[in-house]
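User: Please take a close look at one part of this model, a single side chain of your choice, and describe what surrounds it. I would like a connected account that works outward from there, with the cut-offs stated for each term you use.

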Amino acid sequence: MSIEGKAKEAAGYVKEELNEHGKSPESQKKAQEGRDLRNEGRIEDGKPPKTSEPGTGQ
């Protein structure tokens, strides 16, 4: 596990959580950027990317 991968996953999680409930297209775009960053960090650490719907706890 790399420190960089963990940092990307954590930063992506925070960005997604802050923006996922917004109704504006900009907010939804930022939430998707957070998901992408989180998954990029997971892949770097050898974990599978999260593919479930956000907010389902999966």
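Analyst: Leaving aside its neighbours within four places in sequence, Arg 38 is in contact with Lys 8, Glu 9, Gly 12, Tyr 13, Glu 16 and Lys 50, where contact means heavy atoms within 4.5 Å. The model is a predicted one, in which local features need pLDDT of at least 70 and side-chain atom pairs count only at pLDDT 80 or more, whereas totals for chains, interfaces and linings use all residues. Residues are numbered from 1 along each chain as its sequence is written, and side-chain values use heavy atoms, with hydrogens and water left out.

Arg 38 is found in helix α2, helices being DSSP runs of H or I with at least four residues and strands DSSP runs of E with at least two, both numbered from the N terminus. With a relative accessibility of 11%, Arg 38 counts as buried; the classes are buried for under 20% relative accessible area, exposed for over 50% and partly exposed in between, with a 1.4 Å probe and protein chains only. Tyr 13, one of the residues that Arg 38 touches, has its place in helix α1, which covers residues 3–19.

A second arginine of helix α2 (residues 25–44) is Arg 42, and Arg 42 is counted as buried because its relative accessibility is 13%. Residues up to four places away in sequence aside, Arg 42 touches Glu 9, Lys 47, Pro 48, Pro 49 and Lys 50. Glu 9 and Lys 50 therefore appear in the contact lists of both Arg 38 and Arg 42, and Glu 9, at 15% relative accessibility, counts as buried.

Glu 9 also leads to the charge pairs. Side chains of opposite charge can pair when their charged atoms come close; the salt-bridge rule asks for a side-chain nitrogen of Lys or Arg within 4 Å of a carboxyl oxygen of Asp or Glu. By this rule the count comes to nine salt bridges. In one of them Lys 47 pairs with Glu 9, the closest N and O atoms being 3.4 Å apart. Because Lys 47 lies in the segment after α2 and Glu 9 in helix α1, this pair ties together parts that are 38 residues apart in sequence. Unlike Glu 9, which is buried, Lys 47 counts as partly exposed, with 27% relative accessibility.

Another salt bridge joins Glu 33 to Lys 15, with 2.9 Å between the closest N and O atoms. This pair, too, links distant parts of the chain, since Glu 33 is in helix α2 and Lys 15 in helix α1, 18 residues apart. Both partners count as partly exposed, Glu 33 at 33% relative accessibility and Lys 15 at 30%. For the backbone, the C-alpha atoms of Glu 33 and Gly 12, which are 21 residues apart along the chain, are separated by 7.4 Å, and Gly 12 is also among the contacts of Arg 38.

A salt bridge within helix α2 has another geometry: Lys 30 pairs with Glu 26, the closest N and O atoms being 3.4 Å apart, and because these two residues are four apart in helix α2, about one helical turn separates them. Here Lys 30 is partly exposed, with a relative accessible area of 33%, while Glu 26 is exposed at 52%. Salt bridges also link Glu 4, Lys 8, Glu 40 and Glu 44 in a network, and Lys 8 of that network is a contact of Arg 38.

The nonpolar side of the picture returns to Tyr 13, which forms a surface patch with Val 14 and Leu 18, the three having about 330 Å² of accessible area together. Patches are made of residues with over 30% relative accessible area and no salt bridge, like charges being joined within 9 Å and nonpolar side chains (Val, Leu, Ile, Met, Phe, Trp, Tyr) within 5 Å. Accessible areas come from the Shrake-Rupley method with a 1.4 Å probe, and for residues only the protein chains shown count as cover. Tyr 13 is partly exposed at 44% relative accessible area, as is Val 14 at 45%. Val 14 has its place in helix α1, and its C-alpha atom is 7.3 Å from that of Gly 34, 20 residues apart along the chain.

For the whole chain, there are two helices and zero strands, and 28% of the 58 residues count as buried. Among contacts between residues at least 6 apart in sequence, 47% join residues at least 24 apart. The accessible surface comes to about 4100 Å², of which 54% belongs to carbon and sulfur atoms.
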